[in-house]
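Welcome, and thanks for taking a look at this one with us. Below is a short briefing to read alongside the model, grouped by topic.

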Amino acid sequence: MQMAFRVASSPVVRRSNISLLSLPAYLTTKFSSSSKFLPNPNPSLLNQNGPRYSIRAISGTTVAPNKDINEEKSPENWKIKMLYDGECPLCMREVDMLRERNKSYGTIKFLDISSDEYRPEENEGLDYETVMGRIHAILSDGTVVTDVEVFRRLYEAVGLGWVYAITKYEPIATIADTVYGVWAKYRLQVTGRPSLEEVLKARRKKVGSTMSL
């Protein structure tokens with residue numbers, strides 16, 4: 001009878017060992033009464049949720065951020081510098097779109113004319129009042145472009161030249177510039193901002209206080 005019992009129980013023991021070996025180490029430590037899977041276990045390494053050292057390994061790990069392959073390229077290779085009004089909400093929608101596209105091209109350098117760092121002497125002498133009146137851009141060779149031509153060249157720089165391609169030809173070119181001129185004249189009022197005179201006055205006051213510091 002004892003021999004029969006050994007034979008009958010032997011497969012059960014083997015199956016039990018196989019299933020234990022297939023479990024993660026912390027489960028075999030927690031649920032096995034034997035210490036064969038974790039020699040000389042140290043109670044201080046265990047807590048109610050499992051071994052403490054596994055949690056330390058996770059919390060102490062620092063994951064290096066993945067470098068975005070579409071990260072905006074250095075402006076050193078720019079072909080056109082866009083002078084934009086960073087305080088114009090409608091303008092910023094287009095700027096944000098172009099900036100996103102530019103991550104794959106690196107051909108546009110963006111310069112906020114409302115920034116305290118804007119300097120006319122570094123931008124072909126274009127003062128704040130001039131660039132607030134209508135949109136301007138500067139090509140890498142120093143050529144200044146205005147109005148719809150700015151948009152056409154910007155879109156060309158990020159692979160969207162087809163959008164404004166038709167504005168190269170008359171009479172579309174003249175019509176497009178006329179329509180843009182109306183928008184430029186009233187864009188401050190349309191976006192709920194003070195008149196250009198008030199904006200310029202606030203700018204002078206701001207620049208004067210900055211220079212006095």
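## What packs around helix α4

The buried residues of α4 are covered by elements that include β3 (80-84), β4 (108-112), α6 (148-157) and α7. Please keep in mind that this is a predicted model. Overall, the chain has eight helices and six strands, and 28% of its 213 residues are buried.

**Helix α4 itself**

- Helix α4 spans residues 89-102, which is 14 residues.
- From first C-alpha to last, α4 reaches 20 Å, close to the 20 Å expected at 1.5 Å a residue.
- Which residues of α4 are buried? They are Cys91, Met92, Val95, Leu98 and Asn102.
- These buried residues sit on the same side of α4, because they cover an arc of only 125° around the axis.
- Toward the end of this topic comes a charged pair: Glu100 and Lys103 meet through their side chains in a salt bridge, with 3.2 Å from N to O.
- Lys103 counts as partly exposed because its relative accessibility is 23%, and Glu100 is also partly exposed, at 49%.

**The chain as a whole**

- Following the sequence, you will meet the elements in the order α-α-β-β-α-β-α-β-α-β-β-α-α-α.
- Among the contacts in the chain with a separation of 6 or more, 60% are between residues 24 or more positions apart.
- The chain exposes about 14700 Å², and carbon and sulfur atoms supply 57% of that area.

**Asp85 and its salt bridges**

- Side chains of opposite charge can pair when their charged atoms come close.
- How many salt bridges does a search of the whole structure find? The search finds eight.
- One of them joins Asp85 to Arg187, whose closest N and O atoms are 3.1 Å apart.
- This pair links distant parts of the chain, since Asp85 is in the loop between β3 and α4 while Arg187 is in helix α7, 102 residues apart.
- Both Asp85 and Arg187 are buried.
- Asp85 also meets Arg193 in a salt bridge, at 2.6 Å from N to O.
- Arg193 lies in the loop between α7 and α8 (196-212) and Asp85 in the loop between β3 and α4, so this pair ties together parts that are 108 residues apart in sequence.
- Why do Asp85 and Arg193 count as buried? The cut-off for buried is under 20% relative accessible area; Asp85 is at 3%, and Arg193 is at 14%.
- A network of salt bridges links Asp85, Glu87, Arg187 and Arg193.

**Gly86, in the loop between β3 and α4**

- Gly86 is found in the loop between β3 and α4, the loop that also holds Asp85.
- With a relative accessibility of 28%, Gly86 counts as partly exposed.
- Where sequence neighbours up to four places away are not counted, Gly86 touches Met92, Asp112 and Ser114.
- Of these partners, Met92 is among the buried residues of α4.
- Gly86 and Ser114 are 28 residues apart in sequence, yet their C-alpha atoms are 5.9 Å apart in space.

**Thr167, in the loop between α6 and α7**

- Thr167 belongs to the loop between α6 and α7.
- Is Thr167 buried or exposed? Thr167 is buried, because its relative accessible area is 9%.
- Setting aside neighbours within four places in sequence, Thr167 is in contact with Val148, Arg152, Ile172, Ala173 and Ala176.

**A nonpolar patch on the surface**

- Leu90, Val182, Tyr186 and Val190 make a nonpolar surface patch of about 360 Å².
- Which helix gives the largest share of the nonpolar patch? Helix α7 (residues 172-190) does, with three residues.
- Tyr186 lies in helix α7 and is partly exposed, with a relative accessible area of 40%.
- Helix α7 therefore appears in several of these topics: α7 helps to cover the buried residues of α4, holds Arg187 and supplies the largest share of the nonpolar patch.

Methods:
Residues numbered from 1 in each chain as written. Predicted model: local features only at pLDDT ≥ 70, side-chain atom pairs only at ≥ 80, totals over all residues. Heavy atoms only, no water. Patch = residues over 30% accessible without salt bridge, like charges linked within 9 Å, V, L, I, M, F, W, Y side chains within 5 Å. Areas by Shrake-Rupley, 256 points an atom, 1.4 Å probe, with all protein chains shown as cover. Salt bridge = Lys/Arg side-chain N within 4 Å of Asp/Glu carboxyl O. Helix = DSSP H or I, 4+ residues; strand = E, 2+ residues; numbered from the N terminus. Buried < 20%, exposed > 50% of the residue type's maximum accessible area, 1.4 Å probe, protein only. Expected span 1.5 Å × (residues − 1). Arc of directions from axis to C-beta. Contact = heavy atoms within 4.5 Å.
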